[in-house]
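Colleague: I'm new to this one and don't want the grand tour. Please pick a single part and walk me through it closely, explaining the terms as you go.

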Amino acid sequence: MTTTTHLPRHTDRRPVTEPVDAARPRRGLPFSPWHLLLAPLAVLFALPLLWLLLSSVMSDAQFNRFPTALVPEGIDLSGYRYVLSNGMFPRWLLNSVIVSAVAVVSNLVLGALGGYAFARMRFAGSRLLMMVMLATMAVPFQLTMIPTFLVMKKLGLIDTLGALIVPSLVTPFAVFLLRQFFLSLPRELEEAAWIDGCARLRVLWSIVLPLARPALATVAVLTFLTTWNDLSWPLIAINHDTRYTLQLGLTTFQGTHHTRWSAVMAGNVITVLPVLLAFLLAQKTFIRSLTSSGLKG
């Protein structure tokens, strides 16, 4: 009878490492180290806006004091009352809204059409025309101000809102930005729509523009900011106070011998609010558009 000898098994004496608990909080900072740099920069950039808000509730006596107080001693709403009681202020606000809204819509429509044509269509002189258009972006407004004034005078638009709207109907920047974004889109989506019988305008409206929401939002915000904050061109083209824009109307609060600084600051706060609102709305559009994709398997 054969006996089987059981040899002793060699056990591994190495220490067993405990599994890392994913739910265990990591040691160190509870936030990204970049916040240590970005937080002070955010506070630094927010200081002018904070001081504008604080100075809008100061009285004229605190402004005329030397040195000017940085923090109001109390809340004084006389500047807001003066601005809102001015009978022309609602008209100035309406003029700015009309000019900015028309400029934004026209830049989105005409800029999308022009950008899509340069991105997807090939015609004689397209590259030369594109180069000439880009060259106009390097020309400062001071050089084109007088020719633009003469053109508006020939058209009979001086001292009307049309003189503020027509030069801003479409900008080379809007066409160029949308063209660059259209070039980044895959052609397969458009070719599939063409096979289904869609025309170019239908493809642009149904396929391309929904994917171009980040670029459209960028064009809309930048056009709104440029038109809303413009002062030099309305100062030249507009003479009557009923056609003033908001920026031009605020200059009437400053005189040669006396300036109501409380009204100026309160008017600036009211002017900045639509800009902040437009930025917040555009920021949501950026996030929602960048997280969505048109290529889904």
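Modeller: Start at tryptophan 92, which has a relative accessibility of 3% and so counts as buried. Buried here is under 20% relative accessible area, exposed is over 50%, and partly exposed is anything in between, computed with a 1.4 Å probe on protein chains only. Before going on, a word on ground rules: this is a predicted model, so local features need pLDDT of at least 70, side-chain atom pairs count only at pLDDT 80 or more, and totals for chains, interfaces and linings use all residues. Residues are numbered from 1 along each chain as its sequence is written, and side-chain values use heavy atoms, with hydrogens and water left out.

Back to the rings. The structure holds 5 aromatic pairs; a pair is two rings of Phe, Tyr or Trp (its six-membered ring) with centres within 6.5 Å, called stacked if the planes are under 30 degrees apart, edge-to-face if over 60, and tilted for the rest. Tryptophan 92 pairs with tyrosine 244: the ring centres are 6.3 Å apart and the planes sit at 35°, so this pair is tilted. It connects distant parts of the chain, with tryptophan 92 in helix α4 (residues 89-120) and tyrosine 244 in the loop between α12 (232-237) and α13 (246-250), 152 residues apart. (Helices are DSSP runs of H or I at least four residues long, strands are E runs of at least two, and both are numbered from the N terminus.) Tyrosine 244 is buried too, with a relative accessible area of 16%.

Now follow α4 to another pair. Tyrosine 116 and phenylalanine 182 have ring centres 6.0 Å apart and planes at 75°, so they meet edge-to-face. Tyrosine 116 belongs to α4 and phenylalanine 182 to helix α8 (residues 172-184), so the pair ties together parts 66 residues apart in sequence. Both rings belong to buried residues: tyrosine 116 has a relative accessible area of 4%, and phenylalanine 182 has 1%.

That brings us to how the two helices pack. In general, two packed helices are described by the angle between their axes and the distance between the axes. For α4 and α8, the axes come within 7 Å and cross at roughly 50°. (Axes are lines fitted to C-alpha atoms, for helices over the stretch in contact, and the angles run from 0 to 180 degrees between N-to-C directions.) The two helices are therefore oblique to each other; under 35 degrees would count as roughly parallel, over 145 as roughly antiparallel, 65 to 115 as roughly perpendicular, and oblique is the rest. The crossing of α4 past α8 is right-handed, that is, the near helix is turned clockwise from the far one by less than a right angle, whereas anticlockwise would be left-handed.

Who does the touching? On the α4 side it is Asn107, Gly111, Ala112, Gly114, Gly115, Tyr116, Phe118, Ala119 and Arg120, and on the α8 side Ala174, Val175, Leu178, Arg179, Phe182 and Leu183. Contact means heavy atoms within 4.5 Å. By class, that contact has 9 nonpolar, 4 polar and 2 charged residues. Nonpolar covers Ala, Val, Leu, Ile, Met, Phe, Trp, Tyr, Cys and Pro, charged covers Asp, Glu, Lys and Arg, and polar takes the others, Gly among them.

Helix α8 has another partner as well. Its axis and that of helix α11 (residues 213-228) come within 9 Å and cross at roughly 165°, which makes α8 roughly antiparallel to α11. This crossing is right-handed. From α8, the contact uses Phe173, Ala174, Leu177, Leu178 and Phe181; from α11, it uses Pro214, Ala215, Leu216, Thr218, Val219 and Leu222. Those residues divide into 10 nonpolar, 1 polar and no charged.

To place all this, the protein has 14 helices and 0 strands. Of its 297 residues, 32% count as buried. Among contacts with a separation of 6 or more, 73% come from residues 24 or more positions apart.

One example from elsewhere is serine 262 in helix α14 (residues 261-291). Serine 262 is buried at a relative accessible area of 0%. Outside its neighbours within four places in sequence, serine 262 touches Ser56, Met58, Asp60, Phe63, Ser78 and Gly79.
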